[in-house]
Amino acid sequence: MKIFISADLEGINGVAAPEDVEETGSGYQQARVFMTEEVNAVVSGAFAGGATEVVVCDSHNVAANIKVEQLDDRAQLLRGDTRANSMVHGLDESFDGLILLGYHAKFGTQNAILDHTFSPSMIRDLRVNGVSVGELGFNALFAAEKGVPLIMATGDQSLEKEAKDFYQEVETVVVKYAEGRFCARCLPRIKTQDMLVETAEKAVRQAKEKKPVAVPDSLEMEITFQQVNLADGAMRVTGTRRADAMTVAVKAANMEQLMAVRQVLFNAAAGFYNPLF
Ligand SMILES: [Zn+2]
């Protein structure tokens, strides 16, 4: 039984503010330790639940957050960016379940720690076939297309709601309660680590019974940017359609294509970004 863990940082217990997730931030080094502890809790739960192989995909920023020397020896680690499939790189049909650890709610969610959708300064909303999805939904659709169900998601209470709205049967752990965008009521870490072990064990034990959500045969993604000029930049990509002043749409045959075109659109838009205005 193979389990894929995509680990982000914003939804880790003890993380609340931008200073905790930016490389040069005052809380970042401590946050890396908290993240590694949570990854280890889920890895040990996964093996207790019957996993024989666990791949951990470091998925925050340039994917060099997890403390390698402190990681559970049984886990394989995907570290480093410039990779084709971003937060779920390496996930293929051979896996039996996807766990999204330390995830955060999509941009525009109230009471959600560090809510954003891939980039807070650039993307306001992302829709697949008309349905608004955050990073959780986008990555879970990518997995679903390969027959891999989302079996567990962890983060704050808003991430839990987003996960349940996406797939009612997903197991969740709420490690902290957002009381604003940059303020969290963090549960005792020892307690949330126990919850992560228990829930991962249960989720993996039941993974074979879970069905991935249906992914439509033809897909259209719409990205609403934060500024008109970002949409202008994205329109330089072949095959795009201007849905409105801030929104660019593109069609694709599958999620793998959408994953690629999302990154190309993003880079094209970023070329038109001006931080001053
Ligand atoms: Zn992140």
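The following paragraphs describe the fold, the charged side chains and one enclosed helix of a predicted protein model.

In this predicted model, local features are reported only at a pLDDT of at least 70 and side-chain atom pairs only at pLDDT 80 or more, whereas totals for chains, interfaces and linings use all residues. Residues are numbered from 1 along each chain as its sequence is written, and side-chain values rest on heavy atoms, with hydrogens and water left out.

The protein chain contains seven helices and 12 strands, where helices (H or I, at least four residues) and strands (E, at least two) are DSSP runs numbered from the N terminus. For 277 residues, a compact globule would be expected to have a radius of gyration near 19 Å, and the value of 18 Å found for the protein chain agrees with this; the radius is taken over C-alpha atoms, and the globule rule is 2.2 Å times the number of residues to the power 0.38. Along the principal axes, the C-alpha atoms fill a box of roughly 50 × 40 × 30 Å. Of the 277 residues, 57% count as buried, the classes being buried (under 20% relative accessible area), exposed (over 50%) and partly exposed (in between), with a 1.4 Å probe and protein chains only. Among contacts (heavy atoms within 4.5 Å) with a separation of 6 or more, 68% are accounted for by residues 24 or more positions apart. The protein chain exposes about 11,400 Å², of which carbon and sulfur atoms supply 50%, as computed by the Shrake-Rupley method with a 1.4 Å probe.

With Lys and Arg counted as positive and Asp and Glu as negative, and with His and the chain ends not counted, the protein chain has 27 positive and 38 negative side chains, and the centres of the two sets lie 2 Å apart. For these centres, the place of a charge is taken as NZ of Lys, CZ of Arg, CG of Asp or CD of Glu. A salt bridge is defined as a side-chain nitrogen of Lys or Arg within 4 Å of a carboxyl oxygen of Asp or Glu, and by this rule the count comes to 14.

One of these salt bridges joins Glu171 to Lys202, with the closest N and O atoms 3.5 Å apart. This pair links distant parts of the chain, since Glu171 lies in strand β8 (residues 171-178) and Lys202 lies in helix α5 (residues 189-205), 31 residues apart. Glu171 counts as buried at 14% relative accessibility, whereas Lys202, at 41%, counts as partly exposed. Within helix α5, Arg205 and Glu201 lie four residues apart, about one turn of the helix, and form a salt bridge in which the closest N and O atoms are 3.1 Å apart. Arg205 is partly exposed at 49%, and Glu201 is likewise partly exposed at 24%.

Lys251 and Glu220 also meet in a salt bridge, at 3.5 Å from N to O. Lys251 belongs to strand β12 (residues 247-252) and Glu220 to strand β10 (residues 219-225), so that this pair, 31 residues apart, again links distant parts of the chain. Lys251 counts as exposed at 63% relative accessibility. In addition, Asp125, Arg127 and Glu222 are joined into one network by salt bridges that share partners.

Helix α3 (residues 135-145) is largely enclosed by the rest of the structure, because 10 of its 11 residues are buried. The buried residues include Leu136, Phe138, Leu141 and Phe142. The buried residues of α3 pack against β4 (97-101), β5 (123-128), β7 (150-156), α4 (157-166), β10 and α7 (255-270). Just after α3, Gly147 takes a positive phi of about 85°.
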